[in-house]
Amino acid sequence: MVAFSEDDHRHMARALRLAEQGLYTSDPNPRVGCVLTHDGEVVGEGFHRRAGEAHAEVNALAAAGERARGATAYVTLEPCSHTGRTGPCALALVRAGVARVVVAMQDPNPQVSGRGVAILEDAGIQVDTGLLHDEARQLNPGFIARMETGRPFVRLKMAMSLDGRTAMGSGESQWITGPDARRQVQRLRARSSAVLSGVDSVIMDDSRLTLRAAQLGLDNAEDVASRQPLRVILDTHLRLPLAAACLREPGRTLVVTVPGDVEDNGHAAEKCAALEAAGAEVVTLGANADGRVDLAALMAHLATAEEVNELLLETGATLAGAMLDAGLIDELWLFMAPTLLGTGARGLFALPGLERMADQRRLHIHDIRAVGQDFRIIASPLPTSAPSDTKVP
């Protein structure tokens with residue numbers, strides 16, 4: 001096992017901070033940072049800003065110039081070995097003459113995994129891996145999930161009252177939480193490849209599901225908002241109004257439905273054509289036993305056809321409960337406001353069949369903190385068979 005020095009830790013920590021600068025813009029590519037040092041001095045830094053633009057290593061090499069020869073490169077993700085929209089970074093490091101490369105984690109992409117390291121080692125470059133590995137994985141949960149599991153990393157966002165309600169009985173829900181919480185929701189959207197909602201939620205609020213630069217609270221808000229996440233709406237019966245606000249917003253709106261009944265006399269085809277004429281893209285996927293969109297098939301489609309890394313679920317109790325039941329929610333962000341909506345208001349999840357304490361769905365809470373006047377809870381579902389004292393790393 002490599003004994004990394006204090007300087008190694010410091011430079012890799014800096015590379016991770018650089019990678020974070022691509023948090024809202026690098027999608028669908030991973031967030032990557034690179035630091036080049038020569039004789040203990042930093043001679044070049046870079047991060048990957050946007051797909052199709054130079055990768056972190058190339059930017060760092062450009063900053064270093066001739067001082068890259070004989071340098072040590074600290075990279076948060078294994079340098080790529082294949083040619084996509086840009087050339088292989090592993091070969092760029094070889095051509096620049098670096099002497100050593102420290103890699104935080106191996107690339108989970110099967111096109112790359114291990115090959116980048118092999119190119120470097122075949123060129124006589126010393127490669128040390130595993131420094132701040134866990135921190136590097138936390139930067140790219142969606143990219144890793146897509147490569148390792150074939151589906152996006154799914155993050156559920158819900159706003160609720162102190163008594164666990166998300167809307168009044170009429171469906172009215174704007175606004176439960178305050179502006180600070182809503183700003184965080186905008187940033188969740190900004191880091192996501194796509195936002196998923198059910199048609200009922202979209203109809204009730206006439207949701208736009210977009211980024212609003214003025215609400216992001218970022219120095220580069222306009223640049224971030226220029227990359228609108230894909231809007232995905234589950235609409236089994238094609239009920240989305242043609243005048244829906246989301247169809248008039250910049251970016252793409254994907255309406256996902258199931259095959260029409262053989263006796264619908266072509267009405268489904270007419271509705272699809274009308275929605276597409278209004279600006280939507282309609283995708284038909286297989287149905288589950290209840291006749292609704294098969295959620296596992298949806299996740300696979302979004303990962304493969306749309307390269308969705310992080311999926312933000314913003315919806316009501318029915319779809320939220322179905323996603324939780326299917327084991328498709330990785331993380332929950334629950335914003336709790338200091339208010340009460342009463343017994344007639346709507347709950348968080350529709351989870352039928354929970355009749356005994358043994359049936360309860362337990363969560364592991366990772367973080368609770370105040371956000372303005374509200375509280376934010378970040379949690380993840382525990383396996384249904386997990387005892388109450390299950391430890392989560």
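A residue is called buried here when its relative accessible area is under 20%, exposed when that value is over 50%, and partly exposed in between. The close-up views below all come from a predicted model.

**View 1. Surroundings of Ser161, a buried residue in a loop.** Ser161 sits in the loop that runs between strand 6 (153-160) and strand 7. Its relative accessibility is 0%, and because buried means under 20%, Ser161 falls into the buried class. The side chain of Ser161 makes a polar contact with the side chain of Asp163, at a distance of 2.3 Å. When neighbours within four places in sequence are left aside, the residues in contact with Ser161 are Ile176, Met336, Ala337, Thr339, Leu340 and Leu341.

**View 2. Positions listed by UniProt as "binding site".** The UniProt record, an unreviewed entry, gives this label to Ala159, Trp175, Asp205, Thr236, Gly316, Ala317, Thr318, Leu319, Ala320, Gly321 and Ala322. These positions span 164 residues in sequence and their farthest two C-alpha atoms are 27.7 Å apart, so they do not all gather at one spot. Trp175, one of the listed residues, is placed in the loop between strand 7 (165-167) and helix 7 (179-191), and with a relative accessibility of 53% Trp175 counts as exposed. Thr318, also among the listed residues, belongs to helix 13 (residues 317-325) and counts as partly exposed, at 47% relative accessibility. Not counting residues up to four places away in sequence, Thr318 touches Arg292 and Ala350.

**View 3. Salt bridges, from single pairs to a network.** Side chains of opposite charge can pair when their charged atoms come close. The structure holds 26 salt bridges, among them one in which the side chains of Arg67 and Glu41 meet with an N to O distance of 2.8 Å. This pair links distant parts of the chain, since Arg67 lies in the loop between helix 2 (56-64) and strand 3 (72-75), whereas Glu41 lies in strand 2 (residues 41-47), and the two are 26 residues apart. Arg67 is partly exposed, with a relative accessible area of 42%, and Glu41 is likewise partly exposed, with a value of 40%. Another salt bridge joins Asp180 to Arg183, with the closest N and O atoms 3.1 Å apart; both of these residues lie in helix 7, where they are 3 residues apart, about one turn of the helix. Asp180 is partly exposed at 34% relative accessibility, and Arg183 is partly exposed at 32%. The side chains of Arg369 and Asp367 also meet in a salt bridge (2.8 Å, N to O), with Arg369 partly exposed at 44% relative accessibility. Finally, a network of salt bridges links Arg31, Arg155, Arg191, Glu310 and Glu331.

**View 4. An open sheet of 5 strands with mixed pairing.** The strands of this sheet follow the order 2-1-3-4-5. Strand 2 and strand 5 (126-129) stand at the edges, and because each has a single partner strand, one side of each is left without a neighbour in the sheet. On average, neighbouring strands of the sheet are turned by 15 degrees against each other, direction ignored. Strands of a sheet pair through backbone hydrogen bonds, either parallel or antiparallel. Strand 4 (residues 100-103) and strand 5 run parallel and are joined by 4 bridges, and the bridge partner of Val103 in strand 5 is Thr129.

**View 5. Helix 12 and its N-terminal cap.** The N-terminal end of helix 12 is capped by Asp294, which places a side-chain oxygen 3.1 Å from the backbone nitrogen of Ala296. Within helix 12 (residues 295-304), the buried residues are Leu295, Leu298, Met299, His301, Leu302 and Ala303.

**View 6. Val199, a buried residue of helix 8.** Val199 lies in helix 8 (residues 199-205) and counts as buried, at 6% relative accessibility. Leaving aside neighbours within four places in sequence, Val199 is in contact with Ile233, Leu234, Asp235, Arg239 and Leu240. The C-alpha atoms of Val199 and His237 are separated by 9.3 Å, although these two residues are 38 residues apart along the chain.

Technical notes:
Residues are numbered from 1 along each chain as its sequence is written. This is a predicted model: local features need pLDDT of at least 70, side-chain atom pairs count only at pLDDT 80 or more; totals for chains, interfaces and linings use all residues. Side-chain values use heavy atoms; hydrogens and water are left out. UniProt positions are given in the numbering used here, feature names are shortened, and annotations may be inferred rather than shown by experiment. Buried means under 20% relative accessible area, exposed over 50%, partly exposed in between (1.4 Å probe, protein chains only). Contact means heavy atoms within 4.5 Å. A polar contact is a pair of N or O atoms within 3.5 Å; within protein, one must be able to donate a hydrogen and the other to accept it, and residues adjacent in sequence count only if both atoms are side-chain atoms. A salt bridge is a side-chain nitrogen of Lys or Arg within 4 Å of a carboxyl oxygen of Asp or Glu. Two strands pair if DSSP finds at least two bridges between them. Axes are lines fitted to C-alpha atoms, for helices over the stretch in contact, and angles run from 0 to 180 degrees between N-to-C directions.
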